[in-house]
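Biologist: Hey, can you walk me through this one? I'd like to start with the ligand.
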Amino acid sequence: MKLLLLNGPNLRLLGTREPDIYGSFTLADAETLAKTTAEKFGATLEAFQSDIEGELVSAIGQARGVYDGIIINPAAYTHTSVALRDAIAAAGLPTVELHISNTHKREAFRHVSYTAPVCVAQLQGFGLTGYALAVEGLVAYLNQH
Ligand code: DQA
């Protein structure tokens, strides 16, 4: 089982970015946790981060036939991107939307997700742990479907 982890804009700044909201862990910490969790469940995981919407769209488009499922933290594009939503729908791969913070406790513009309706699940508010939980949940989903 091959999984793809995608992280969107500004997430490469984890560790120093608004630590009161996102914690002090780094993107490398999150990617390593996701990889070791995947391995624990007999899967492999590759990770990619981009600040550029089109690069994320391309990564999703190229995932078909290569990966069995996707975990994506679309970051700010969650709340704006029809293109990412269409890419997830077009790829047809089971996808989990992940957020570090609980977006529902934050500004109203973060309460809307363009991408969640085309994902199998949405997980948010668990900080770094979410990267492990999302992998565990996606592996279980893929084993059942
Ligand atoms: C985020 C939440 C988004 O609203 C925000 O734009 C981010 C990070 C999160 O992981 O909590 O960049 O996706």
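Biologist: So how far is the side chain of Arg17 from an oxygen atom of the ligand?

Modeller: An N or O atom in the Arg17 side chain sits 2.9 Å from a ligand oxygen. Bear in mind that this is a predicted model.

Biologist: And what about Asn73 and the ligand?

Modeller: There the distance is 2.8 Å, from a side-chain N or O atom of Asn73 to an oxygen of the ligand. His99 also puts a polar side-chain atom 2.8 Å from a ligand oxygen.

Biologist: How much of the ligand does the protein bury?

Modeller: 99% of the 320 Å² that the ligand exposes when taken alone.

Biologist: Which residues surround it, then?

Modeller: Besides Arg17, Asn73 and His99, the ligand has Tyr22, Ala75, Ala76, His79, Ile100, Ser101, Thr103, Arg106 and Arg110 around it. By class, that shell has three charged, five polar and four nonpolar residues.

Biologist: Switching topic: which residues touch the most other members in the largest nonpolar core?

Modeller: Leu3, Leu45, Ile71, Ile100, Tyr131 and Val135, out of 23 residues in that core. Strand S1 (2-7), helix H2 (27-40), strand S4 (95-99) and helix H5 (129-144) each give two or more residues to this core. H5 supplies the largest share, six residues.

Biologist: What is Tyr131 in contact with, leaving aside its sequence neighbours?

Modeller: Setting aside anything within four places in sequence, Tyr131 contacts Leu5, Asn7, Phe25, Ala30, Leu33, Ala34, Asn73, Leu98 and Ile100. Asn73 and Ile100 are also in the ligand's surroundings.

Biologist: How many residues are in the other core?

Modeller: That one has 16 residues and lies apart from the largest core; Ala59, Tyr67, Leu84 and Ala87 are among them.

Technical notes
Residues numbered from 1 in each chain as written. Predicted model: local features only at pLDDT ≥ 70, side-chain atom pairs only at ≥ 80, totals over all residues. Heavy atoms only, no water. Core = buried A, V, L, I, M, F, W, Y, C linked by side-chain atoms within 4.5 Å. Buried < 20%, exposed > 50% of the residue type's maximum accessible area, 1.4 Å probe, protein only. Helix = DSSP H or I, 4+ residues; strand = E, 2+ residues; numbered from the N terminus. Contact = heavy atoms within 4.5 Å. Near = heavy atom within 4 Å. Polar contact = N/O pair within 3.5 Å; in protein donor to acceptor, adjacent residues only side chain to side chain. Areas by Shrake-Rupley, 256 points an atom, 1.4 Å probe, with all protein chains shown as cover. Nonpolar A, V, L, I, M, F, W, Y, C, P; charged D, E, K, R; others polar.
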